[in-house]
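I opened the model to look through its ring pairs, one helix packing and a few single residues. My notes follow in the order I looked things up.

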Amino acid sequence: MSYKRLVLAVIVLAAAAAALWFRAEWLVGTALRARFSPSVTLAPKPSPTSIANARGQDLDDLLVLLDLDRSFTAEGRAAFTQGVADLRARVGEMDAPTFVMEVARLVALAGNGHTAVQLFPKYAEYGVAPVRLAWFDDGLYVIGAADAQAGLLGRRVAAIDGHPADDIPAAVRPYLTGTDEHARAQGINLLVCPALLRAVWPETDGRHLALTLADEAGGTMQTSLEAGPMASADSLRWLPQAAAFTHLYGGNTASLEARALDHQGLYLRLNAVMDDDKGPLTRQLEAVAASAPPGGWRWMVIDLRYDGGGDYTKTVDFTRRLPTLLAPDGNLWLLTGNATFSAAIVTLARAKYYAGARAHIIGQRVGDRDTFWGETGAPLVLRNTNTTVGYATGMHDWVHGCRDVTKCFWLNYAFGVAAGDLSPEQEVGWRFPDFAAGRDTVMEEVRDLQEAKRGGGERAAVP
């Protein structure tokens, strides 16, 4: 065979291989979309003639959830169907916020974190009080406020609408899906939305938030805050005024932040598993990996505490490379919190799996069960209240591995691992005095643990 013919044959074979690859990739994508990303079709209906008729149409739409979501158990499906029938019988002239919360309560019967009413758009629609709250190990505190309420910053919330703070998680729990940890993280904005809280406490007026606030001297003060338009994060005052904490309240929207630590260490925080204005997350992580010192980092911190997920395929290469990025005797500290969810849990599991005995999970329990359901398709939107209901189509188990082809997300057969227990080796959460002073309780604990691993000596500087 002549040289030209040989070159032509190689080109033809390469083109054929590329075509087969792209064809296979197209077929895989098509199969995944068909199985896990369904379209949503709602039956056409005439314009509603009354509030009751409008609510009834929305309940008809809501029943479509059972055709889309695979996370419901048989018992959950039966309870949901009966709950819709009961709600239909009493919906009457029910106002929209109360109706939305009743829908949220029914959807929460799935018990799956991804199967939920999206309440965040409702906060903007119905208005919120001009403060922002956060749970800490030592209670519920005001960490954000409009200028007129700046004097409330740093106050501990003793009660909301007359209900003790310690009783609030149980009161709102029926309306929030998933685990207790997930509900605690996701429900924080609900606590400043009077219109929605009225479904929990009907004696309230739905327009004002009554706060009982404690002071350092042990006294309390009462304040009533009127709900208004949901202010942007940058228009509020926040505590503390520390640049490293701006991601906690929306002041930093970057998916990834990385910086060097002393003693050949690296701190890497993932706020989301998705691309951002800096470019594809995979490339950002490649750049981080390329900066590793010869022999690997002596210690690495991957902070997933406030990472609500995204697309886990964007971290698969980075997590697989962790053994070579970390020194043979180095330590990988994986920080978790109640807000660690979805693709962040996958990233956690893969990081632990590939780093092996060098990996240590520190913080709080993640926001989902060992076995959970994710993946979704076109949104299910109730037509009259414009309420979006999330649903889940693919099962995940990154603790034991997911092998049931009839339930598991098929992409996990390529990337799945059985990482074992994802509970923290040491449970520690943020204490408010540390937070207010600009200190990170969990990172300080990691510093102490790393120093112990190093055998003492100079303390490492951490963010």
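Before placing anything I fixed the terms: helices (H or I, at least four residues) and strands (E, at least two) are DSSP runs, numbered from the N terminus. The model is predicted.

**Entry 1, two loop residues with positive phi.** With those terms I placed H263 in the loop between strand 8 (256-261) and strand 9 (265-270). I read its phi as near 60°, a positive value in a residue other than glycine. H263 has 26% relative accessibility, so I noted it as partly exposed. I then went to D161, which sits in the loop between strand 3 and strand 4 (163-164). Phi of D161 is near 50°, again positive and again not in a glycine. I have D161 down as buried because its relative accessibility is 14%, and the cut-off for buried is under 20%.

**Entry 2, aromatic pairs.** I counted ring pairs with centres within 6.5 Å. The count is 13 aromatic pairs. One of them is F36 with W410, an edge-to-face pair at 5.3 Å centre to centre with 85° between the planes. I checked where the two rings come from: F36 belongs to helix 1 (residues 3-36), while W410 is in the loop between strand 16 (394-397) and helix 13 (412-415), and the two are 374 residues apart. F36 is buried at 1% relative accessibility, whereas W410 is partly exposed at 32%.

I looked next at F136 and F435, which form a tilted pair, 4.9 Å centre to centre and 50° between the planes. F136 is in strand 1 (residues 131-136) and F435 in helix 14 (residues 432-436), so this pair ties together parts 299 residues apart in sequence. F136 is buried, with a relative accessible area of 6%. F435 is buried as well, with a relative accessible area of 1%.

What cluster do ring pairs make with F136 and F435? I found that they link F136, Y141, W430, F432 and F435.

**Entry 3, arginines over rings.** I followed W430 out of that cluster and found R305 over the face of its ring, at 5.2 Å from the ring centre. I also noted R55, which lies over the face of F99 at 5.4 Å from the ring centre.

**Entry 4, helix 4 against helix 5.** F99 led me to the packing of helix 4 (residues 74-90) and helix 5 (residues 96-107), whose axes are 9 Å apart at an angle of about 165°. That angle makes helix 4 roughly antiparallel to helix 5, since the class takes angles over 145 degrees. I recorded the crossing of helix 4 and helix 5 as right-handed. On the helix 4 side the contact is made by F80, G83, V84, L87 and R90. Helix 5 brings F99, E102, R105, L106 and V107.

**Entry 5, two glutamines.** Is Q149 buried or exposed? I have Q149 as buried, because its relative accessibility is 18%. Q149 sits in the loop between strand 2 (139-145) and strand 3 (156-160). Leaving aside its neighbours within four places in sequence, I found Q149 in contact with P130, V131 and L225.

Q186 is in helix 8 (residues 180-186). At 46% relative accessibility, Q186 is partly exposed. I took the C-alpha separation of Q186 and N338 as 9.0 Å, for residues 152 apart along the chain.

Terms used. Residues are numbered from 1 along each chain as its sequence is written. This is a predicted model: local features need pLDDT of at least 70, side-chain atom pairs count only at pLDDT 80 or more; totals for chains, interfaces and linings use all residues. Side-chain values use heavy atoms; hydrogens and water are left out. Rings of Phe, Tyr and Trp (its six-membered ring) pair if their centres lie within 6.5 Å; planes under 30 degrees apart count as stacked, over 60 as edge-to-face and the rest as tilted. Buried means under 20% relative accessible area, exposed over 50%, partly exposed in between (1.4 Å probe, protein chains only). A charge sits over a ring if NZ of Lys or CZ of Arg is within 6 Å of the ring centre and within 35 degrees of the ring normal. Axes are lines fitted to C-alpha atoms, for helices over the stretch in contact, and angles run from 0 to 180 degrees between N-to-C directions. Angles under 35 degrees count as roughly parallel, over 145 as roughly antiparallel, 65 to 115 as roughly perpendicular and the rest as oblique. A crossing is left-handed if the near helix is turned anticlockwise from the far one by less than a right angle, and right-handed if clockwise. Contact means heavy atoms within 4.5 Å.
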